[in-house]
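User: I have a structure open and would like to talk it through with you. Could you take my questions as they come?

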Amino acid sequence: MKRIIAFSAITFTCIASVQAVDFNSDALKTMQEEGHAIVAESQAARAYKASNGQCLDFTDGTIVLSKCSKSKSQQWSMDKSSRLVANNGKCIGGSSLQACGNAKGQKWALDASKRLANKAKKCLQPQGNPPKAGAKVVAVNCSKSAQQVWK
């Protein structure tokens, strides 16, 4: 009798473990799919709006602010290497568009303070206070300035 009870307990434990693994693998698959969706969304082209309501734009390789529109020059993608890429395939490096590379000045992230900060510890900020349309956008030391906030 003890053998039957022990065998039943072991069998139940094994079956329960197998079912738990199946449940966990389904949950893991769902989490992976959600993770892929988040990455795809973060890499999709988007506009970045400054605190004055103007958008990050470029003209002749110079990064500027201009009135927000659906212009392709206002659409930016974050690639897999964390580079901020314009629609012409060039990357923001410091205060200009450059051929994409591996420099710290080209590795960007929208940080917790909503600043576009690079690995060289610089943030994008429009010049002028308040900045006007056409203002040049430059990489400066990161601060708590509202001018460094991007939406």
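Analyst: What follows goes through the fold, the disulfides, the core, the aromatic contacts and some backbone details of this predicted model.

User: Fine, fold first. How many helices and strands are there in the protein chain?

Analyst: The protein chain has one helix and 10 strands, and reading from the N terminus the order is α-β-β-β-β-β-β-β-β-β-β, with the helix ahead of the strands.

User: And what share of the residues counts as buried?

Analyst: Of the 151 residues in the protein chain, 28% count as buried. The protein chain exposes about 9,700 Å², and carbon and sulfur atoms supply 59% of that area. As for contacts between residues at least 6 apart in sequence, 42% join residues at least 24 apart.

User: Now the cysteines. How many disulfides does the structure hold, and what pattern do they follow?

Analyst: There are three disulfides in the structure, and with bonded cysteines counted along the chain their pattern is 1-2, 3-4, 5-6.

User: Take Cys55 and Cys68. How far apart are their sulfur atoms, and which parts does the pair tie together?

Analyst: The sulfur atoms of Cys55 and Cys68 are 1.9 Å apart. Cys55 lies in strand β1 while Cys68 is in the loop between β2 and β3, so this disulfide ties together parts that are 13 residues apart in sequence. The link is right-handed, with 100° about the S-S bond.

User: Is Cys55 buried or exposed?

Analyst: Cys55 counts as buried, because its relative accessibility of 2% falls under the 20% cut-off. Its partner Cys68, at a relative accessible area of 27%, is partly exposed.

User: What about Cys91 and Cys100, what is the handedness of their link?

Analyst: The link of Cys91 and Cys100 is right-handed, with 90° about the S-S bond, and the sulfur atoms are 1.9 Å apart. Cys91 is buried at a relative accessible area of 0%, whereas Cys100 is partly exposed at 32%.

User: Then where do Cys123 and Cys142 lie?

Analyst: Cys123 and Cys142 form a disulfide with their sulfur atoms 2.0 Å apart. The pair links distant parts of the chain, with Cys123 in strand β9 (residues 122–126) and Cys142 in the segment after β10 (137–141), 19 residues apart. The link of Cys123 and Cys142 is right-handed, with 95° about the S-S bond. Cys123 counts as buried at 0% relative accessibility, while Cys142 is partly exposed at 30%.

User: Changing topic, which members of the largest nonpolar core touch the most other members?

Analyst: That core has 17 residues, and those touching the most other members are Leu56, Trp76, Leu84, Ile92, Leu124 and Trp150. The elements that give two or more residues to the core are β1 (55–59) and β2 (62–66).

User: Trp150 sits late in the chain. Which residues does Trp150 touch?

Analyst: Leaving aside residues up to four places away in sequence, the contacts of Trp150 include Tyr48, Leu56, Leu65, Leu110, Leu124 and Val137. Charged residues appear there too, among them Lys49, Lys114 and Arg115.

User: How many aromatic pairs turn up in a search of the whole structure?

Analyst: The search finds one aromatic pair. It is made by Phe58 and Trp76, whose ring centres are 5.9 Å apart and whose planes meet at 70°, so the pair is edge-to-face. Phe58 lies in strand β1 and Trp76 in the loop between β2 and β3 (77–78), so the pair ties together parts that are 18 residues apart in sequence. Phe58 is buried at a relative accessible area of 14%, and Trp76 is buried at 0%.

User: Which residue lies over the face of Tyr48?

Analyst: Arg46 lies over the face of Tyr48, at 3.9 Å from the ring centre.

User: Last, the backbone. Which residues does a cis peptide bond join?

Analyst: A cis peptide bond joins Asn129 and Pro130, with omega about 0°, and Pro130 is in the loop between β9 and β10.

User: And what is phi for Asp60 and for Ser82?

Analyst: Asp60 has a positive phi near 50° although it is a residue other than glycine, and Asp60 lies in the loop between β1 and β2, where it counts as exposed at 78% relative accessibility. Ser82, also not a glycine, has a positive phi of about 65°; Ser82 is in the loop between β3 and β4 (84–85) and counts as partly exposed at 29% relative accessibility.

Definitions and conventions:
Residues numbered from 1 in each chain as written. Predicted model: local features only at pLDDT ≥ 70, side-chain atom pairs only at ≥ 80, totals over all residues. Heavy atoms only, no water. Core = buried A, V, L, I, M, F, W, Y, C linked by side-chain atoms within 4.5 Å. Buried < 20%, exposed > 50% of the residue type's maximum accessible area, 1.4 Å probe, protein only. Helix = DSSP H or I, 4+ residues; strand = E, 2+ residues; numbered from the N terminus. Contact = heavy atoms within 4.5 Å. Phe/Tyr/Trp six-rings, centres within 6.5 Å; stacked < 30°, edge-to-face > 60°. Lys NZ or Arg CZ within 6 Å of the ring centre and 35° of its normal. Areas by Shrake-Rupley, 256 points an atom, 1.4 Å probe, with all protein chains shown as cover. Disulfide = S-S within 2.5 Å.
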